[in-house]
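Here is a friendly walk through one protein structure. Please take a look at the sequence and the fold before reading on.

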Amino acid sequence: LGADGRPYSKSCWRSAFRFHLQEAKNTQGFMFSVEEHGGLGDGQKLEMLMAEEVGLKVFQTYTDKYGKPTGLAISNLSMAVQAWYDSGCRNLDMERVYIG
């Protein structure tokens, strides 16, 4: 981290990512994780562990289709996030959201 306590261009990606996860947590933010057909990659698995350590809400999308997400997929994700905010952001468990 730099003198100002923020990551900079030469920061390790892990410390920079962890910094931004904590910033998100501090502002009632969340993380999206996109699971593709082959499952999560090693880096994504590490990112999920880091989010869990921080106590950050994660919305993990999954699908059984190939191609670009549809409007319905984005709507499903948007509704899940809005429901979480409407509930006061209490449930910090990872939430899987089907996007088609």
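The notes below cover the basis of the model, two buried residues, the salt bridges and the cysteines.

## Basis of the model

This is a predicted model, in which local features need pLDDT of at least 70 and side-chain atom pairs count only at pLDDT 80 or more, while totals for chains, interfaces and linings use all residues. Residues are numbered from 1 along each chain as its sequence is written, and side-chain values use heavy atoms, with hydrogens and water left out.

## Two buried residues

Let us begin with L21, which sits in helix α1 (residues 13–26); helices (H or I, at least four residues) and strands (E, at least two) are DSSP runs, numbered from the N terminus. L21 is buried at 5% relative accessibility, where buried means under 20% relative accessible area, exposed over 50% and partly exposed in between (1.4 Å probe, protein chains only). Not counting residues up to four places away in sequence, L21 touches M31, E47, M50, A51, V54 and L56; contact here means heavy atoms within 4.5 Å. The C-alpha atoms of L21 and K57 are 9.8 Å apart, with the two positions 36 residues apart in sequence numbering.

S33 belongs to strand β1 (residues 30–34). S33 is buried too, with a relative accessible area of 5%. Leaving aside neighbours within four places in sequence, the contacts of S33 are L40, Q44, M48, V58, F59, Q60 and T61.

## Salt bridges

Side chains of opposite charge can pair when their charged atoms come close. The model has three salt bridges, each defined as a side-chain nitrogen of Lys or Arg within 4 Å of a carboxyl oxygen of Asp or Glu.

E23 pairs with R6, the closest N and O atoms being 2.6 Å apart. This pair links helix α1, which holds E23, with the segment before α1, which holds R6, 17 residues apart. E23 is partly exposed at 31%, and R6 is partly exposed at 34%.

E35 and R96 meet at 2.8 Å, N to O. E35 is in the loop between β1 and α2 (42–54) and R96 is in strand β3 (residues 95–98), so this salt bridge ties together parts 61 residues apart in sequence. For E95 and K57 the N to O distance is 3.1 Å; the pair links strand β3, home of E95, with strand β2 (residues 57–62), home of K57, 38 residues apart. E95 is partly exposed at 26%, whereas K57 is buried at 1%.

## Cysteines

How many disulfides does a search of the whole structure find? The search finds zero, taking a disulfide as a pair of cysteine sulfur atoms within 2.5 Å. C12 is partly exposed at 45% relative accessibility, while C89 is buried at 10%.
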